[in-house]
Amino acid sequence: MIRPFKDSTGALEGAQESLLFSYQHDPLSGILVLILDPPDRGAGADRSFLRLHFTNVSGFHRVPGTSADLQRFTERYSARETSATTVVQQIDIEQKANSLSIALSLGSFGGLTFLCLSISAETRRARVTMTHENTWAYQDVDDGKPMDFYSPFA
């Protein structure tokens with residue numbers, strides 16, 4: 001079950017040390033969606049996923065990092081497309097007149113900087129079962145429905 005966060009800015013602030021699963025920025029709609037695997041799993045879960053939805057995004061900039069392989073990701077990123085592990089190392093949020101200025105530092109990946117009008121956040125918890133050697137199945141903790149590890153909110 002997908003659960004909304006009451007304090008979305010707090011969810012973002014607490015996302016430090018989370019694994020980056022994906023992001024997708026649509027400059028035409030001004031939407032940025034970020035999916036993370038935070039260190040806080042929640043009761044009864046083996047994994048927990050956090051989806052952050054930013055609206056009225058402007059000034060989106062992908063700060064290139066030191067990893068040449070990861071520099072190809074600009075407007076979108078998916079962990080499915082690389083074996084590299086990317087972790088949120090620092091989160092800076094600054095209140096502007098009528099928007100938020102956000103900077104995410106992602107180690108050798110580089111970072112993301114942008115302005116947004118609002119943030120909403122949701123979480124989904126999963127149980128993990130080994131099905132074969134090095135093969136895992138993910139099920140929603142609440143309803144037992146299968147989940148795609150790389151797209152947990154699909």
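This report walks through a predicted protein model, from its confidence to its pockets, cores and a few individual residues.

## Confidence

Since this is a predicted model, the pLDDT is a good place to start. The protein averages 94, and 100% of the residues score at least 70. Low pLDDT is where predicted coordinates should not be read in detail.

Where do the highest and lowest confidence fall? Strand 8, covering residues 100-105, has the highest mean at 98, while strand 11, residues 135-140, has the lowest at 92.

## The largest pocket

Rolling a probe the size of a water molecule over the atoms shows where empty space is left. Here, the largest pocket holds about 220 Å³ of space. Its lining counts 14 residues, and those nearest the centre are Phe5, Pro38, Asp40, Ser48 and Thr123.

If you want to find this pocket by secondary structure, look at strand 4 (47-55) and strand 10 (118-132), each of which supplies at least two lining residues. The chemistry of the lining is mixed: 6 nonpolar, 5 polar and 3 charged residues.

## The second largest pocket

The second largest pocket comes in at about 180 Å³. It is lined by 13 residues, with Leu19, Ala79, Ala84, Thr85 and Phe149 closest to its centre. Strand 2 (residues 19-26) gives the most to this lining, namely 3 residues.

By class, the lining of the second largest pocket splits into 8 nonpolar residues, 4 polar ones and 1 charged one.

## Nonpolar cores

The largest nonpolar core has 29 residues, and the members touching the most others are Tyr23, Leu34, Leu52, Phe54 and Ile102. Plenty of secondary structure feeds into this core: helix 1 (8-13), strand 2, strand 3 (31-37), strand 4, strand 8, strand 9 (110-116) and strand 10 each supply at least two residues. There is also a second, separate core of 8 residues, with Phe21, Tyr138, Met147 and Phe153 among them.

Leu52 is worth a zoom in the viewer. What does Leu52 touch once its neighbours within four places in sequence are set aside? Its contacts are Ser8, Ala11 and Leu12, then Leu32, Val33, Leu34 and Leu36, and finally Ile119, Ser120 and Ala121.

## Ile31 and its neighbours

Ile31 sits in strand 3. Is Ile31 buried or partly exposed? Its relative accessibility is 22%, so it counts as partly exposed, given that buried means under 20%.

Across the sequence, Ile31 and His53 are 22 residues apart, yet their C-alpha atoms are 7.2 Å apart in space. Leaving out residues up to four places away in sequence, Ile31 touches Gln24, His25 and Asp26 on the one hand, and His53, Phe54, Thr55 and Val57 on the other.

## Two positive phi angles

Most residues other than glycine have a negative phi, so a couple of backbone angles deserve a look. Glu17 has a positive phi, near 75 degrees, and lies in the loop between helix 1 and strand 2. Glu17 has a relative accessible area of 48%, so it is partly exposed.

Asn134 also has a positive phi, near 60 degrees. You'll find Asn134 in the loop between strand 10 and strand 11. Why does Asn134 count as exposed? Because its relative accessibility is 62%, and exposed means over 50%.

## His61 and Gln89

His61 belongs to strand 5 (residues 58-64) and, at 42% relative accessibility, counts as partly exposed. Apart from residues up to four places away in sequence, His61 touches Gly111, Leu112 and Thr113. His61 and Ala15 are 46 residues apart along the chain, with 20 Å between their C-alpha atoms.

Gln89 is in the loop between strand 6 (76-78) and strand 7 (90-95). Its relative accessibility is 43%, so Gln89 is classed as partly exposed. Beyond its neighbours within four places in sequence, Gln89 is in contact with Gln16, Ser105 and Gly107. From Gln89 to Ala121, the gap is 32 residues in sequence and 19 Å in space, C-alpha to C-alpha.

Methods
Residues are numbered from 1 along each chain as its sequence is written. This is a predicted model: local features need pLDDT of at least 70, side-chain atom pairs count only at pLDDT 80 or more; totals for chains, interfaces and linings use all residues. Side-chain values use heavy atoms; hydrogens and water are left out. pLDDT is the predictor's confidence in each residue, from 0 to 100. Helices (H or I, at least four residues) and strands (E, at least two) are DSSP runs, numbered from the N terminus. On a 1 Å grid over the protein atoms alone, a cavity is a set of points where a 1.4 Å probe fits but cannot get out, and a pocket is an open set with protein on both sides within 12 Å along at least five of seven lines; lining residues have an atom within 4 Å of a point. Grid points are joined across faces, edges and corners, and a volume is the space filled by probe spheres set on the points. Ala, Val, Leu, Ile, Met, Phe, Trp, Tyr, Cys and Pro count as nonpolar, Asp, Glu, Lys and Arg as charged, and the others, Gly among them, as polar. A nonpolar core is a set of buried Ala, Val, Leu, Ile, Met, Phe, Trp, Tyr and Cys residues joined through side-chain atoms within 4.5 Å. Buried means under 20% relative accessible area, exposed over 50%, partly exposed in between (1.4 Å probe, protein chains only). Contact means heavy atoms within 4.5 Å.
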